[in-house]
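Student: I should like to learn how to read the features of a protein model. May we go through one together?
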Amino acid sequence: TKQRRDKVLIVEDDTGWRSILEEILSDAGFQTHTCASFGEGFGFLRRKKFSLAVIDLSLQGSDNDIFKIDEPNMDGYQLIAATRAHNIPIIVVSGKSEPEEIQRMYSEYSISVYIEKRAFDRAAFRRAIDETNQKHQSQSELTALTEREHEVLDLLAQGLTNREISEKLVITTNTVKRHLKTIFEKLDVHTRSAATAKVVGK
């Protein structure tokens with residue numbers, strides 16, 4: 001189970017769906033913050049730090065709908081763009097199921113997972129939460145490394161020995177060992193293979 005300090009933002013305008021998502025995420029150990037509109041969601045993003053966001057693409061009931069009857073509501077898209085700017089991983093749960101739309105969300109908005117409401121499965125959603133969280137955690141850990149530590153880790157991932165790494169970077173083997181010790185601490189691993197897995201899995 002996750003620690004309670006992990007907050008998740010749920011933006012869904014349908015009450016039924018909102019309670020389903022909230023229930024699953026609460027069970028997964030998250031502290032949930034739910035809202036139904038772009039304005040509310042954006043306000044939360046400004047005030048709080050989130051580990052994950054679950055957003056519906058079609059948010060109804062905003063001013064946009066009143067003035068632009070024929071135009072698709074873009075609130076969900078704008079909120080996803082704002083969430084990405086905060087470097088928060090995003091799971092989209094949407095009624096839209098067009099392949100082009102789904103591809104666009106992955107390529108343009110770099111979302112983590114797209115789940116269609118019509119094919120929604122609680123177990124699959126729970127897996128998506130865990131995978132997204134793990135991946136984001138690894139990425140956050142890697143950003144803590146210095147440029148030199150990244151170089152050492154990349155060479156380690158290529159299967160080089162300490163001596164080969166020292167020759168490649170023109171440093172002593174003792175310096176390589178010191179870097180590896182720091183890398184292991186930052187990535188919270190104890191073996192070379194575990195450290196390598198963090199790079200491969202990013």
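Student: In which loop does Asn 87 lie?

Tutor: Please note at the outset that this is a predicted model. Asn 87 belongs to the loop that runs between helix H4 (75-85) and strand E4 (90-94).

Student: What is phi of Asn 87?

Tutor: As a general idea, most residues other than glycine have a negative phi. Here, phi of Asn 87 is near 60°, a positive value in a residue other than glycine. Asp 188 also has a positive phi, near 55°, and is located in the loop between H9 and helix H10 (192-200).

Student: How are two packed helices described?

Tutor: One states the angle between their axes, together with the distance between the axes. In this model, helix H7 (residues 147-157) and helix H9 (residues 173-187) have axes that come within 10 Å and cross at roughly 90°. Angles of 65 to 115 degrees count as roughly perpendicular, and H7 and H9 are therefore roughly perpendicular to each other.

Student: Which residues of H7 and H9 meet?

Tutor: From H7 come Arg 148, Glu 149, Val 152, Leu 153 and Leu 156; from H9 come His 179, Leu 180, Thr 182, Ile 183, Lys 186 and Leu 187. Sorted by class, the contact of H7 with H9 comprises 6 nonpolar, 2 polar and 3 charged residues.

Student: How is empty space found, and what volume does the second largest pocket have?

Tutor: Rolling a probe the size of a water molecule over the atoms reveals where empty space remains. The second largest pocket has a volume of about 210 Å³. Its lining consists of 13 residues, and Pro 89, Ser 110, Ser 112, Lys 135 and Gln 139 lie nearest the centre of the pocket.

Student: Which helix gives the most to that lining, and how is the lining divided by class?

Tutor: Helix H6 (residues 122-143) gives the most, with 5 residues. By class, the lining of this pocket has 4 nonpolar, 6 polar and 3 charged residues.

Student: What is the mean pLDDT of the protein?

Tutor: The mean pLDDT is 87, and 89% of the residues reach 70 or more. Over residues 62-71, however, the pLDDT is below 50. Beyond near neighbours in sequence, this stretch has 7 contacts in the model.

Technical notes: Residues numbered from 1 in each chain as written. Predicted model: local features only at pLDDT ≥ 70, side-chain atom pairs only at ≥ 80, totals over all residues. Heavy atoms only, no water. Axes fitted to C-alpha atoms, helices over the stretch in contact; angles between N-to-C directions. Helix = DSSP H or I, 4+ residues; strand = E, 2+ residues; numbered from the N terminus. Parallel < 35°, antiparallel > 145°, perpendicular 65-115°, else oblique. Contact = heavy atoms within 4.5 Å. Nonpolar A, V, L, I, M, F, W, Y, C, P; charged D, E, K, R; others polar. pLDDT = per-residue confidence, 0-100. 1 Å grid on protein atoms, 1.4 Å probe; cavity = no way out; pocket = protein on both sides within 12 Å on 5 of 7 lines; lining within 4 Å. Points joined across faces, edges and corners; volume = space filled by probe spheres on them.
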